[in-house]
Amino acid sequence: MSTETLSIDPKVTDNSQIYSVLSGSVGPRPIAFASTLDAKGSPNLAPYSFFNVFSSNPPVVVFSPVRRGRDNTTKHTLDNILETKEVVINIVNYAMVQQMSLASTEYDAGVDEFIKAGFTKETSELVKPFRVKESPVQLECKVKDVVALGTEGGAGNLVICEIVKIHIQKAVLTEVNTLDEHKLDLVARMGGNWYTRAIDGMFEVPKPLRNLGVGVDALPEAIRMSTILTGNDLGRLGNVELMPDADAVAKYLDENSSLQNLVTNGDTVALHKEIQKLIQQDNTGDAWKLILA
């Protein structure tokens, strides 16, 4: 391997390149899935990978919502925290990573990412923001301080959070109530679209930042409540920008006559398994056609 190096001076380098280098080389990074409320009580849910634990006595975690590089605006999470001084940090595992990614979409203020990403609100005990019921570990926090690291695009804002209540799903505990890392099945961020699974390795999740996904709430109730389709399946379906129209659905059935019987014979299990098969083949467009048929 060559020992030649590329040297970069941050003072004379575009911030997008600096961000790419740092997010790609400093990792894997744990994910703070932050739940907040605005001053009017509207929920917001968004993931941040500039995050870690910094103290256990008192228990303190810190995460950093970065100012957007393209227009120097701030994230709704930061705006809400400055207003309310409360946040719930939900830990992310593999079973929820696709839905978590969908929640990173830059929906307008007031849009409820719990609904868009198909997560369940759980009432907190000591703070007002909701917990994510699907998260294996949920940390209710009071914000001790917010430290702005700069005023330009790309500047971080250190949100210093004191944990006032911890909630852990019993399913991820051992017989003596310690965390079982295998059952936790945590994921972490790397550079670009890459994540890593703690017990398995790297995998790719396209992040929905440019286009707005239709959301899990756009799916029929029978699909959302399916016992076959997983949260990851729903997250991938919710991450399409447009649903196929009636003509596309009709053409798809005409070209796939075997699926016509599947749609009409009332075998929901078989239908949902076929939809799941299409999703696993990265063919969410045809999966949507089968759903709408």
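Me: What are patches made of in this predicted model?
Reply: Patches are made of residues with over 30% relative accessible area and no salt bridge. For the nonpolar kind, side chains such as Val, Leu and Ile are joined within 5 Å.

Me: Which residues make the nonpolar surface patch of about 270 Å²?
Reply: One member lies in the segment before helix H1 (15-25). That residue is exposed, with a relative accessible area of 70%. The patch of about 270 Å² is made by Leu-6, Ile-8 and Val-21.

Me: How many residues does the largest nonpolar core have?
Reply: Helices H3 (97-103), H4 (113-117) and H10 (268-280) are among the elements that give two or more residues to this core. Phe-33, Phe-119, Leu-219, Ile-223, Leu-237 and Ile-275 have the most contacts inside the core, whose size is 38 residues.

Me: How many residues are in the other core, apart from the largest?
Reply: Phe-63, Ile-81, Leu-139 and Val-143 are among its members. This other core is of 22 residues.

Me: Which residues is Leu-219 in contact with, leaving aside its neighbours within four places in sequence?
Reply: Leu-219 is among the residues with the most contacts inside the largest nonpolar core. With those sequence neighbours left aside, the contacts of Leu-219 are Arg-224, Leu-234, Leu-237, Trp-288 and Ile-291.

Me: Why is Cys-161 not bonded to Cys-141?
Reply: Cys-141 is buried, with a relative accessible area of 0%, and Cys-161 is also buried at 0%. A disulfide needs two cysteine sulfur atoms within 2.5 Å. The sulfur of Cys-161 is too far for a bond because its distance from the closest cysteine sulfur, in Cys-141, is 4.9 Å.

Definitions and conventions:
Residues are numbered from 1 along each chain as its sequence is written. This is a predicted model: local features need pLDDT of at least 70, side-chain atom pairs count only at pLDDT 80 or more; totals for chains, interfaces and linings use all residues. Side-chain values use heavy atoms; hydrogens and water are left out. Patches are made of residues with over 30% relative accessible area and no salt bridge: like charges are joined within 9 Å, nonpolar side chains (Val, Leu, Ile, Met, Phe, Trp, Tyr) within 5 Å. Accessible areas come from the Shrake-Rupley method with a 1.4 Å probe; for residues, only the protein chains shown count as cover. A salt bridge is a side-chain nitrogen of Lys or Arg within 4 Å of a carboxyl oxygen of Asp or Glu. Helices (H or I, at least four residues) and strands (E, at least two) are DSSP runs, numbered from the N terminus. Buried means under 20% relative accessible area, exposed over 50%, partly exposed in between (1.4 Å probe, protein chains only). A nonpolar core is a set of buried Ala, Val, Leu, Ile, Met, Phe, Trp, Tyr and Cys residues joined through side-chain atoms within 4.5 Å. Contact means heavy atoms within 4.5 Å.
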